[in-house]
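Colleague: I have the chain open in front of me. Let us go through a few residues and their contacts.

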Amino acid sequence: MQGTVGELGEFGLIRELTSRLPRTAAVELGPGDDAAVVSAPDGRVVASTDVLLEGRHFRRDWSTAYDVGRKSAAQNLADIAAMGAVPTALLLGLVAPAELPATWVLELMDGIRDECQVAGAAVVGGDVVRGDTITVAITALGDLQGRAAVTRSAARPGDLVAVTGWLGWSAAGFTVLSRGFRSPRAFVEAHRRPEPPYHAGPAAARLGATSMIDVSDGLVADLGHVAEASNVHIDLRAADFDIPAQMADIGQAVGVDPLTWVLSGGEDHALVATFPPDTHLPSRWRVVGEVTRPAGLSRTGTVTVDGARWDRAGGWDHFGG
């Protein structure tokens, strides 16, 4: 499609965007009315929202519009899976400059649509407005299918800590891109398009997971939220993490210990959960630590690695350092 967003106009843009969207069985009424209707047979809806801002969360010289669409959908749908729910629907709020090529927005929607299909969800509506900076706001919905939500606050001493999905790949890819390179491609693509293990979230709930969270800000930082909410301590074992040879090679080339990416790098959207110690976990889950009681007078909510505080930089705070 030739032309810009401004030339296409608000309603022309909406018409082009919605024409690209399939429905799923959960969608009773899709885009085109005042609101969508999504079935919720469980009687409860799991909801999460995120905002991506150009220059802070993505760069157009690093990622295509399709990449940005996949990433924006993935990070929201991963939150749904981390509650033990099945993603059902997604809504898009888009701010775009009038001079933005219309093809960029259509490719963005293609990426969002395709990531939703991976997770089993559908785009059901949203809004577009004119603004100076591209901003993508996503709201994702999910269904618990009769199960209790898996929260951050029920980890218990003695529980196993296990992860599934990639860890450190996005951070390694970001480091590569920051130095002006585009390879190794697998790590660059992991930064551009994370691949959350959506189906592992509901499966973990069925296995009896006591707590769960997706790794968006870094494993140690995110497990810190679990430890604090559950009033426990978590200890990780460095030797139990898998560091691919190619990641180790990147680390050697740039002078970074790859374990730093694994423990502190975010945006992989892997899932980390705690399970009762007698749980038989499928091979996709890797046990990497244990939930314990705080020793002596040490405060709860702490995460250690091999018994020591992890003091390397990591985690993300939009209003912090």
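Colleague: In which loop does S63 lie?

Modeller: Bear in mind that this is a predicted model. S63 is in no helix or strand of its own; its loop has a strand on one side and a helix on the other. That places S63 between strand 3 (46-53) and helix 3 (65-82).

Colleague: Is S63 buried or exposed?

Modeller: The cut-off for buried is under 20% relative accessible area. S63 has 9%, so S63 is buried. Beyond four places in sequence, S63 touches V68 and R192.

Colleague: Which residue forms a salt bridge with R192?

Modeller: R192 lies in helix 6 (residues 185-192), and its partner is in that helix too, three residues away. R192 counts as buried, at 11% relative accessibility. The side chains meet at 2.9 Å, N to O, and the partner is E189.

Colleague: How far apart along the chain are D110 and R20?

Modeller: D110 forms a salt bridge with R20, with the closest N and O atoms 2.8 Å apart. D110 sits in helix 4 (residues 102-119), R20 in the loop between helix 2 (10-18) and strand 1 (27-29). The pair links distant parts of the chain, 90 residues apart.

Colleague: Which residues are linked with R20 and D110 in a network of salt bridges?

Modeller: D110 is buried at 12%, while R20 is partly exposed at 27%. Their network also takes in R113 and D114.

Colleague: What separates the C-alpha atoms of V136 and L52?

Modeller: V136 lies in strand 6 (residues 135-143) and is buried, at 0%. L52 is among the residues V136 touches. They are 84 residues apart along the chain, yet their C-alpha separation is 5.0 Å.

Note on methods:
Residues numbered from 1 in each chain as written. Predicted model: local features only at pLDDT ≥ 70, side-chain atom pairs only at ≥ 80, totals over all residues. Heavy atoms only, no water. Helix = DSSP H or I, 4+ residues; strand = E, 2+ residues; numbered from the N terminus. Buried < 20%, exposed > 50% of the residue type's maximum accessible area, 1.4 Å probe, protein only. Contact = heavy atoms within 4.5 Å. Salt bridge = Lys/Arg side-chain N within 4 Å of Asp/Glu carboxyl O.
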